[in-house]
Amino acid sequence: MSGECQEPGPEEPQGGSPGSGGHSGALGSGQCPHPTTPAPWSLPRWRAYVAAGVLCYTNLLNYMNWFIIAGVLLDVQKFFHISDSSIGLLQTVFTICLLLSAPVFGYLGDRHSRKVTLSFGILLRAGAGLSSSFISPRYSWLFFLSRGVMGAGTASYSTIAPTILGDLFVRDQRTRVLAIFYIFIPVGSGLGYVLGSAVKALTGSWHWALRIMPCLEAVALILLITLVPDPPRGAAEKQRLVAPGALRSSWWEDVRYLGRNWSFVWSTLGVTAMAFVTGALGFWAPKFLFEARVVHGLQPPCLKQPCDSKDSLIFGALTVVTGIIGVVLGAEASRRYKKVNPRAEPLICASSLLAAAPCLYLALTLAPTTLLASYVFLALGELLLSCNWAVVADILLSVVVPRCRGTAEALQITVGHILGDAGSPYLIGLISSVLRARYPDSYLQRFLSLQKSFLCCAFVIALGGSCFLLTALHLERDRAEAQQPGAGMVADAGERMPHPSSHGADALEGRGTPDSEDAESQHLLPGTGASTEDY
């Protein structure tokens, strides 16, 4: 990367020769001029926790918006007169727009104000959601378009918010905060079903569910602007990778760095498998459970609006409860296990996904004979899937340098959605429609067609477990490399910087160094007790 300067490592003198630490000479441009050392950025401890609370609340709304349509899916389908394959495309449009927008927001989040970018995303999402509630049934294409705009607004938050938490907290404290933050993925998803169903039952119209959400998001926007700071990139790790006025790597060089980070690559493929299954379950599971009860004679078929929303409420409650328990269990298991095994995070993800695959398979195959067993295995499968959300985020933050985290989040979201839940709802609906067309139409055949189309999810989630096993093979090396100053910078020849020596790696991992002990004791940014020299 021509013209880019590297500061010497912490073990070499500031005026050392280019070859002394192996960094300054890597670019072939000699010793860089020493920039003015910026004053340490400080934040009171209570402000960091308040900011985390606001981000968690906004994450709750983020996922409520995502799945609120699934809670009233039958009513939307009848209102716009669309088939299974077309209604599945509704979620596909949402996620395709999300994944196309994620790299843009990741780029902006790494280089510009993260608060401004987040605020714009919230306004975009709220405006599109409110306007979609007034669309006539003659303009179903406009409803699809509005869901796409909401997906673009959602991308800003999913991409940038975790990087702010990564710059406010460090190590064990970051694991706990991320666990709380990612609890709101299943909780928000479940409450989306519940809110959609409850508001429809109270008002008699599913449109009001989309009109309530913008009010909640207005509160989130005010709290974000007033209470959430925008810390410097890498502040929690006490890294100053990009000094004021220094040249910065391009987006393409960041992507090349991430493409050679095998822990990031394999964990992203594992996340993709999780997204495929959770997207399909989140969209189709309420309808699958409804049709299962129709087949068992426990529920009359839906012939006109409003349809019975009991299954959306049940599935929403299952998602909330299993999500809370799963995220807490996964994060706590990771925190304890990595004290004895540095590869704990990907091993926990792999084991939970490999165990979730047979649970999901049994939940689907037992539904025609016993609904109780189907619910039990479905709950177990959701619990095991939920164990991974906070752990996966911790893997990314630990193996990627701070200056690339927004881009890394964006790429993981993009790949996860384009190969995962962008197509899985549509694919499940398409397979179901094809299978139904081969046989005479009946309620039993509708149920069996949806059941068979769902079975591919069990095999996809097993593949995801295998990807996390491969992540474990590369985790320690990539984590050590990410902790060295200037890691991930690209030389003129396009190669990554050399791997640190064992002595340098030990120092950079914080074993026995005053800086790391101070960071661990504070758990968040300097200024709550750390001096300028410590920084």
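**Burial and helix contacts in a predicted model**

Modeller: Helix H2, residues 73-80, is mostly covered, with seven of its eight residues buried. This is a predicted model.

Colleague: Which residues of H2 are buried?

Modeller: The buried residues in H2 are Leu73, Leu74, Asp75, Val76, Gln77, Phe79 and Phe80.

Colleague: And what does His81 do just after H2?

Modeller: His81, which follows directly after H2, adopts a positive phi of about 55°.

Colleague: Let us step back to the whole chain. How many helices and strands are there?

Modeller: The chain contains 19 helices and zero strands.

Colleague: What share of the residues is buried?

Modeller: Of the chain's 535 residues, 58% count as buried. The accessible surface amounts to about 20,400 Å², and carbon and sulfur atoms account for 67% of that area.

Colleague: What about contacts between residues at least 6 apart in sequence?

Modeller: Among those contacts, 83% join residues at least 24 apart.

Colleague: Where is confidence lowest, and where is it highest?

Modeller: Confidence is lowest in helix H18, residues 502-508, with a mean of 39, and highest in helix H11, residues 344-365, at 93. Over residues 1-37 the pLDDT is below 50, and this stretch has 61 contacts in the model beyond near neighbours in sequence. Residues 239-246 also have a pLDDT below 50, with 20 contacts in the model beyond near neighbours in sequence.

Colleague: And what is the average for the chain?

Modeller: The chain averages a pLDDT of 76, and 77% of its residues score at least 70.

Colleague: Moving to helix packing: how do the axes of H10 and H13 cross?

Modeller: The axes of H10 (residues 310-337) and H13 (residues 389-399) come within 7 Å and cross at roughly 45°. That angle makes H10 oblique to H13, because it is neither under 35 degrees nor in the range 65 to 115.

Colleague: Which residues meet there?

Modeller: From H10, the residues are Val327, Gly330, Ala331 and Ser334; from H13, they are Trp389, Ala390 and Val391. By class, this contact of H10 with H13 has five nonpolar, two polar and no charged residues.

Colleague: Take Ser334 from that list. Is it buried or exposed?

Modeller: Ser334, in helix H10, is buried, with a relative accessible area of 1%. Leaving aside residues up to four places away in sequence, Ser334 touches Ala344, Glu345, Ile348 and Val391.

Colleague: Ala390 is in that contact as well. What lies 209 residues from Ala390 in sequence, but 7.7 Å away, C-alpha to C-alpha?

Modeller: That residue is Phe181, which has its place in helix H6, residues 171-203. Phe181 counts as buried, at 2% relative accessibility.

Colleague: What does Phe181 touch?

Modeller: Not counting residues up to four places away in sequence, Phe181 touches Leu55, Cys56, Asn59, Tyr157, Ala161, Pro162 and Leu165.

Colleague: Now some glycines. Where is Gly106, and is it buried or exposed?

Modeller: Gly106 lies in helix H3, residues 84-111. Gly106 is buried, with a relative accessible area of 0%.

Colleague: Which residues does Gly106 touch?

Modeller: Apart from residues up to four places away in sequence, Gly106 touches Thr159, Gly406, Thr407 and Ala410. Its C-alpha atom is separated by 9.9 Å from that of Ile413, although the two residues are 307 apart along the chain.

Colleague: And Gly148? Which helix holds it?

Modeller: Gly148 is in helix H5, residues 140-168, and it counts as buried at 4% relative accessibility. Beyond residues up to four places away in sequence, Gly148 touches Val93, Phe94 and Cys97. Gly148 and Phe94 are 4.3 Å apart, C-alpha to C-alpha, and 54 residues apart in sequence.

Colleague: One last residue, Leu269. What is its relative accessible area?

Modeller: Leu269 has a relative accessible area of 33% and is therefore partly exposed, since that category runs between the 20% cut-off for buried and the 50% cut-off for exposed. Leu269 is found in helix H9, residues 262-295.

Colleague: How far is the C-alpha atom of Leu269 from that of Gly416?

Modeller: The two C-alpha atoms are separated by 7.1 Å, and Leu269 and Gly416 are 147 residues apart along the chain.

Technical notes. Residues numbered from 1 in each chain as written. Predicted model: local features only at pLDDT ≥ 70, side-chain atom pairs only at ≥ 80, totals over all residues. Heavy atoms only, no water. Axes fitted to C-alpha atoms, helices over the stretch in contact; angles between N-to-C directions. Helix = DSSP H or I, 4+ residues; strand = E, 2+ residues; numbered from the N terminus. Parallel < 35°, antiparallel > 145°, perpendicular 65-115°, else oblique. Contact = heavy atoms within 4.5 Å. Nonpolar A, V, L, I, M, F, W, Y, C, P; charged D, E, K, R; others polar. pLDDT = per-residue confidence, 0-100. Buried < 20%, exposed > 50% of the residue type's maximum accessible area, 1.4 Å probe, protein only. Areas by Shrake-Rupley, 256 points an atom, 1.4 Å probe, with all protein chains shown as cover.
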